[in-house]
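Student: I should like a close look at the internal cavities of this protein. Please concentrate on what lines the second largest cavity.

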Amino acid sequence: MPTTRPAALVLAAALALLCAPIGPTASAQSPTTLAIIPAPTSVTRASGRFPIDTGTTIVTDAGASTAVEDVASYLAELLAPSVGAARRLTAGAAAPRGSIHLTLSGADKALGDEGYTLVVGADRVIIAANDPAGLFHGVQTLRQLLPTTVEYRAALTRGLALPAVRIVDSPRFAWRGAMLDVTRHFLPLDAVKDYVDAMALYKLNRLHLHLSDDQGWRIEIRSRPELARIGGASEVGSGPGGYYTQAEYSDLVAYAARRHIMIVPEIDMPGHTNAALASIPALNCDNKARPPYRGTRVGFSAVCVESDSTYAIITDILRELAELTPGPYLHIGGDEVEKLTHKQYIGFVERVQGIVQAQGKQMIGWGEIAPAALDPTTIVQHWKKDSSAVHAARGGSVIMSPNTRVYLDQKYDAKTALGLKWAGFIEVKDAYDWDPATQIAGVPERAVLGVEAPLWSETLFKPSDFQFLAFPRLLAVAEVGWSTPAVRSWAGFRTRLAAHGPRLSAIGVNFYRSPQIDWQESGWIP
Ligand code: TNX
C-alpha cells in the first residue's frame with residue numbers, strides 16, 4: 001500500500017467533503033454548514049457566488065398565476081434596497097444571466113406542495129416547486145442565505161451575494177403552527193402581522209387565533225354585536241381590551257395568505273366563556289348576564305348546554321366565522337370545563353361538531369374532546385395527558401402541543417420575569433429536543449398532523465412581551481415540524497440559531513438571549 005496519495009485524489013476527497021450534504025455524517029460545527037432554520041433535507045455546497053445587484057432580474061414563467069407573481073413581488077420587495085425599487089419582473093422571458101427564476105415546472109412531484117429545490121449557480125438561481133407555497137418557502141431559504149443586512153428594507157445595501165449551493169427540501173409535517181392568545185391581553189392587528197412575518201421566515205404555515213375566553217371576546221359577530229361591544233371591552237388587569245372588526249380579520253387572513261399561512265380561528269366553548277356569558281344573558285341557564293372577569297383563574301364558566309338557544313347563538317357565531325375564514329378549520333376549544341358533567345360535556349362537543357360540519361368546516365378541539373364520538377376528519381390538539389390515542393385509533397389526526405415542550409407561555413428558567421411555570425421551565429433545548437412521532441404511545445407518525453406552539457397571554461402586555469417568550473423557542477418548534485430526524489441535532493441547531501440573533505434583531509423581534517446559545521454579534525455572512 002502506498003503511504004502517500006496522488007494530489008488529485010486528495011483534492012477529490014476534499015471536494016467531496018466540501019460538497020457533503022448536511023446530515024448525520026456531516027460535522028455539526030462544520031464551517032460549510034449554512035445557517036438555515038429549519039434545516040433543509042439536503043444541502044450541497046459548490047464553489048462560487050451569485051451576485052445580487054442592479055442587473056439582477058426576477059423571472060416567472062409565461063402565464064404564471066397571481067399566486068406565483070405574488071411570490072415574485074415578495075422577493076422583489078426583499079431585494080429592492082440592493083437591486084433598485086423599479087425591479088422589473090419578466091414573465092415568460094427566457095431566464096437570462098443574472099436572473100432568479102421562479103418556476104412551477106421541473107420539480108419532483110415527491111416534494112409535495114410545500115417542497116422546493118433551490119439551485120444557486122454563479123450566473124443564475126432557480127427555485128422550482130409544484131405550488132406557489134413551495135416557491136415561497138424557497139424564497140425564505142434564499143433570504144436566509146443572504147446576510148442579515150437584507151432585512152433592513154430601506155438601507156442602501158450593496159454587494160449582496162448568494163453562495164453557490166443546491167438545496168432539496170420538503171416538510172416532515174403538514175401542520176406547523178403557532179397560537180396567539182389575544183384574549184387575556186388583546187394584541188393589536190399590526191403586532192399580529194409582525195408575528196406572521198416572523199413565522200413566514202421559518203416556514204410556519206398555521207396561525208391559530210384564540211379569539212374568545214373568560215376575559216375577552218375578540219372578533220366582531222354582526223348578528224350578535226354585543227359580543228364584541230361588551231365582551232371585547234375587558235382583559236386581564238385593568239386594560240381596555242379590544243377586538244378585530246370583520247374587515248380587520250379579513251385583512252389579516254389575506255396578509256397571512258400572501259405569506260402562505262392559514263388562519264385557524266378558535267371560539268373556546270363550552271367553558272372559557274365568561275366574556276360571552278357577560279354579553280348575552282341567554283347563554284346562561286338563569287338568563288342573567290355574568291359580570292366581566294379580569295382575573296386568571298380557569299374552569300369556572302360554561303354556557304347553558306341544555307338550552308336550544310345556546311346552539312342557535314353558537315350557529316350564528318360559527319356561520320359568520322366560517323364565511324370569513326377561507327381555511328377549512330374551525331377550532332372550538334373544549335378545554336378545562338369543570339362546571340358540567342362528563343355526559344353534558346360530551347353531548348355538547350358532539351352537537352357542536354355537527355354545527356361545524358354543517359358550515360362545511362372541519363372541527364378542531366383541545367385534547368379533552370377525544371372521548372366524544374368524533375368524526376375521523378375532526379382534529380384533536382394534544383396539550384396534556386389525554387386520550388388522543390383513541391382518536392388516532394379511529395383514524396383521526398392529532399396536532400402536538402405538549403405543554404412541557406412547546407408552551408411558549410412557560411418561563412425559560414427561574415429568572416424569567418414573564419410567563420407561568422405550571423408546566424415547568426422550558427429552555428430552548430427542551431423546545432427542540434423531542435420527536436412528535438414518539439411523544440404519545442398510540443399516536444404514531446401517520447396520526448400526527450404536525451406541531452403547534454401556543455402562546456397564552458396572562459402575563460403578557462405589550463407586543464415585545466409576546467415576542468420575548470416566543471423567540472427563539474418558536475424557531476425550535478419550526479424545525480421540529482419541518483425537518484426530518486436525519487438532519488436534526490441539538491448541536492447543529494444551536495450553532496445555526498446563534499447566527500439568527502442578528503437577523504431577529506434586524507426584523508425587530510425582541511428575543512431571549514438563552515445562555516445555551518453562543519450568540520453571534522454580527523450577521524451571518526456565508
Ligand atoms: C391552560 S392549554 C389553558 C389556558 C391557559 C394556559 C396557561 C389550554 C387548552 N388551556 O386557558 O391560558 O393553560 O398556561
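Tutor: The lining of the second largest cavity comprises eight nonpolar residues, one polar and one charged, where Ala, Val, Leu, Ile, Met, Phe, Trp, Tyr, Cys and Pro count as nonpolar, Asp, Glu, Lys and Arg as charged, and the others, Gly among them, as polar. This is a predicted model, in which local features need pLDDT of at least 70 and side-chain atom pairs count only at pLDDT 80 or more, while totals for chains, interfaces and linings use all residues. Residues are numbered from 1 along each chain as its sequence is written, and side-chain values use heavy atoms, with hydrogens and water left out.

A cavity is a set of points, on a 1 Å grid over the protein atoms alone, where a 1.4 Å probe fits but cannot get out; lining residues have an atom within 4 Å of a point. Points are joined across faces, edges and corners, and a volume is the space filled by probe spheres set on them. The second largest cavity has a volume of about 70 Å³. Its lining consists of Leu 187, Ala 191, Asp 194, Tyr 195, Ala 198, Pro 463, Phe 466, Gln 467, Phe 471 and Val 509. Two elements, α4 (189–201) and α13 (463–470), each contribute at least two of these residues; helices are DSSP runs (H or I, at least four residues), numbered from the N terminus. The largest share, four residues, belongs to α4.

For context, three cavities of 30 Å³ or more are counted, and the largest has a volume of about 90 Å³. The lining of that largest cavity divides into nine nonpolar residues, one polar and one charged.

Definitions and conventions: 1 Å grid on protein atoms, 1.4 Å probe; cavity = no way out; pocket = protein on both sides within 12 Å on 5 of 7 lines; lining within 4 Å.
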